[in-house]
Amino acid sequence: MNKLYTQVLIYLLFGIISSCTQKVKTGDNFTAQKSFTAMVYPALDTENSRWFFFSSASRPFGMVNLSPDTEIDGAWGSGYRYKTDTIKGFSHIHAWQMAGVSMMPVTISETNKNTVYQDFYSKFSHETEKISPGYHYLELERYQIKSELTSTTRVGFHQYSFPKDAQAAILFNLNTVLGPCENIDGKLERSGDNELSGKVVMKSTHRRPKPLTVFFKVKLNTKISAIGEDEKTGNYLVNLNSPKEKVLMKVGISYTSIENANQNIVEELPDWNFDEIVSQSEKEWNNLLGRIKVEGGTENEQRRFYTDLWHALQGRRIISDVNGAYPDNSGEVFRIGQLPLDENGSPKFNHYNSDSFWGAQWTINTLWGLVYPEIKKEFVHSLLQYQKDGGLIPRGPSGGNYTYVMTGSSSTPFIVSAIQEGLITEDLEDIYKALKKNHMAGGIMEKAGYEHHTNSGGGFKYYLEKGFVPYPIPEGNFGGHQDGAGLTMEYAYQDWTLAQLAKKLGHQDDYKYFKTRSENFKNVYDKSSGFMRPKNVNGEWFENFDPYQYKVGFVEANSAQATWFVPHNLEGLAELMGGPEEAVKKLNEQFETAGKLGFTAGTSHDLEEHPEYRKIPINYGNQPSIQTAFVFHKIGRPDLTQYWSRNVVNKTFSGLSPSTGYNGDEDQGLMGSLAVLMKIGLFQMNGGVDENPEYQIGSPAFDKITIDLNPDYYSNATFIIESIHNSQENVYVESVQLNDQAVEGFFVQHSQITAGGKLVLQMTKNPKKDINRAEINHKF
């Protein structure tokens, strides 16, 4: 019996099972369904963990992201790393550029009472470990302590079973390095017989330019006998007085005050029933995961699907308290902001910490908009709150402030698509003005990655004057990702998305202006090589050009990968290449080459620059080329989209082990949501920003997919996708019917899906090549 199967069996035996039911097809037999949470495999890809990658005892987008840490130093290679067998603490914050409030249950004896402040790590074994969404159990072998973790949105909940007759204690490791940042000035004080209050400062990082304080409140179900502080480490040891059989501990956090941390506990976790909180967490996860029900395929394929979906619903974190208070670090002086309240006195939305929306146009942009519109709407309002506070819509805020992570104005497609989907209907003129500001001098598009104090790194003035961003930027280095050709292409696409909103609101002059700018991608296309190519400030092509040279004029990509980044005008790109047939031939050859390398540049993000992997022509381990299978669809060959997208799923997004999963940069749900979209066979090449957003039909991996539509936003109905005669050989779509009506062109519109109904795809092993290209490209 292998280790993975053992873990699955343990999950089931411990009964984290809900009343949610469906059917699972294994071979020709249908069996009773486990809960959706039991289908999730949390250890996926944990050998390649990034600090915010893994989350176990956490709610969707929770402020608290409670989980064990086996490595604690560095944004990469830290957090929960499956192959490391030592627990270094249970910490409560695993977020983009944020970390904090780490603690460890320990037992004290004469031999360790003076050394435990520094020497407190413990071995553990995966054999006795149990993980499911919202719950984590493990045994600390050094202390023989059974540790269980769960949480509400803003409160971590611990349950420890200490050995009898041992002196039980909690070690607070407050002054340490956790993931991407150093924790300093940690303070802890007793505030009652069984209560503690504290705070920790997260030092600024290269990406998050200002420090941020996290406040926390601790409540125990047993009395505290003593608190000790170690001068050398700044760690605290809290001894417990004759603890009960199971010690329960609540840890509420806040980025505004200890009082609000306490209020978060009062509102979210007033009682002490640990099992009930585990059950509530499971129910919350099941409700979200269960919005998509899949039938067909193997059990492993279904488990991987729900693990992908689980990843799409975490990573980005709430930073506002239950009363709507939040940290605003965007001005000269830190302030506590207040979200608007509804008639019942509750916040109208949550405020978020978030990595960039770079690449989101092909991932969460589509998935959230279709399946989780309430989540997408909240994130839009949060982005707009940053604009009200700091003057700009961010592309990746952390700690209540701008980080200028990645490049361009990546929030524009996200917000425009929410408007086109009807999720955002008020204050559209104000939103348009705010977005337009980002696309003009002084806006966020002008800044390179992590360019906090200048506005030259993005080369934006050259984009306006010359129609392209030079490489290198002649003024010098001011931030990250100063890759001119890649920036030109990003700006062009994002300008096109803004043009769609200008058109919707009747701003014809702006529409024409941004539409014209969206054609700037043509200025970096080199006909002699057939690839996009960097230019210097004088308009001269980059010398000794190699389209497979990584990050030379292109953002986290090589030219071969980035050349296809024209989501808004692939027909125009094809014409530059000599016509659709030539473009298809070129892209197909790239896929054939990439397929031999598994479509990824190694198994993790840090391998992309390795000589063995950086020359891959298509990389499904990072965002710049994850749309390329659907490029075929827009240049007249949807059959090749169906063929290659299914191949990518099989080779790249089908593994189910700690050593594989996303083969690169998962980036807070982006790759998980991409995998979900490819497996249900729906994709939006342009980010869903046109008037009635279009979904291209791919090759679903399952026989039947049922999407429950949110009745608060769409019809109170379901949208069903049935794939008749689907198999590993029958990857091509022969015909399409929507609600018993024939569909030509292999696409369906947002309004058709959200009205509910059934999409029936007849699958075959024979490609259907004779496609009416005019029908396919009807939008251009």
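In this predicted model, Asn739 counts as partly exposed, its relative accessibility being 39%. The residue is found in the loop between strand S34 (732–738) and strand S35 (741–743), and its phi is positive, at about 50°, although Asn739 is not a glycine. A positive phi is also assigned to Val101, with a value of about 60° at a residue that, again, is not a glycine. Val101, however, belongs to strand S7 (residues 98–108), and with a relative accessible area of 1% it is buried, because a residue under 20% is placed in that class.

Among the helices, H11 (residues 484–504) comprises 21 residues and spans 30 Å between its first and last C-alpha atoms, close to the 30 Å expected at 1.5 Å a residue. Most of this helix is covered, with 19 of its 21 residues buried. The loop between helix H10 (460–466) and H11 contains Pro472, which is joined to Tyr471 by a cis peptide bond with an omega of about 0°. On the other side, H11 is followed by Gly506, a residue whose phi is positive and near 85°.

Two packed helices are described by the angle between their axes and the distance between the axes. For helix H9 (residues 428–438) and H11, the axes cross at roughly 150° and come within 11 Å. Since angles over 145 degrees count as roughly antiparallel, H9 and H11 are therefore assigned to that class with respect to each other. Their crossing is left-handed, and the contact involves Tyr432, Leu435 and Lys436 on the H9 side, with Leu498, Leu501 and Ala502 contributed by H11. When divided by class, the residues of this contact of H9 with H11 comprise five nonpolar and one charged, with no polar residues.

H11 also packs with helix H12 (residues 508–517), at an angle of about 165° and with the axes 8 Å apart; the two helices are therefore roughly antiparallel to each other. Here, too, the crossing is left-handed as H11 passes H12. From H11, the residues that meet H12 are Ala492, Asp495, Trp496, Leu498, Ala499, Gln500, Ala502 and Lys503, and their counterparts in H12 are Gln508, Asp510, Tyr511, Phe514, Lys515 and Arg517. The contact of H11 with H12 is made up of seven nonpolar, two polar and five charged residues. Leu498 and Ala502 of H11 thus appear both in the contact with H9 and in the contact with H12.

A further helix pair is formed by helix H5 (residues 299–311) and helix H18 (residues 670–680), which pack at an angle of about 135° with their axes 7 Å apart. That angle makes H5 oblique to H18, because the roughly antiparallel class is reserved for angles over 145 degrees. H5 passes H18 in a left-handed crossing, in which Arg304, Phe305, Asp308, Leu309 and His311 of H5 make contact with Gly672, Ser673, Ala675, Val676, Lys679 and Ile680 of H18. The residues of this contact of H5 with H18 fall into five nonpolar, three polar and three charged.

Key
Residues are numbered from 1 along each chain as its sequence is written. This is a predicted model: local features need pLDDT of at least 70, side-chain atom pairs count only at pLDDT 80 or more; totals for chains, interfaces and linings use all residues. Side-chain values use heavy atoms; hydrogens and water are left out. Helices (H or I, at least four residues) and strands (E, at least two) are DSSP runs, numbered from the N terminus. The expected span of a helix is 1.5 Å times one less than its number of residues. Buried means under 20% relative accessible area, exposed over 50%, partly exposed in between (1.4 Å probe, protein chains only). Axes are lines fitted to C-alpha atoms, for helices over the stretch in contact, and angles run from 0 to 180 degrees between N-to-C directions. Angles under 35 degrees count as roughly parallel, over 145 as roughly antiparallel, 65 to 115 as roughly perpendicular and the rest as oblique. A crossing is left-handed if the near helix is turned anticlockwise from the far one by less than a right angle, and right-handed if clockwise. Contact means heavy atoms within 4.5 Å. Ala, Val, Leu, Ile, Met, Phe, Trp, Tyr, Cys and Pro count as nonpolar, Asp, Glu, Lys and Arg as charged, and the others, Gly among them, as polar.
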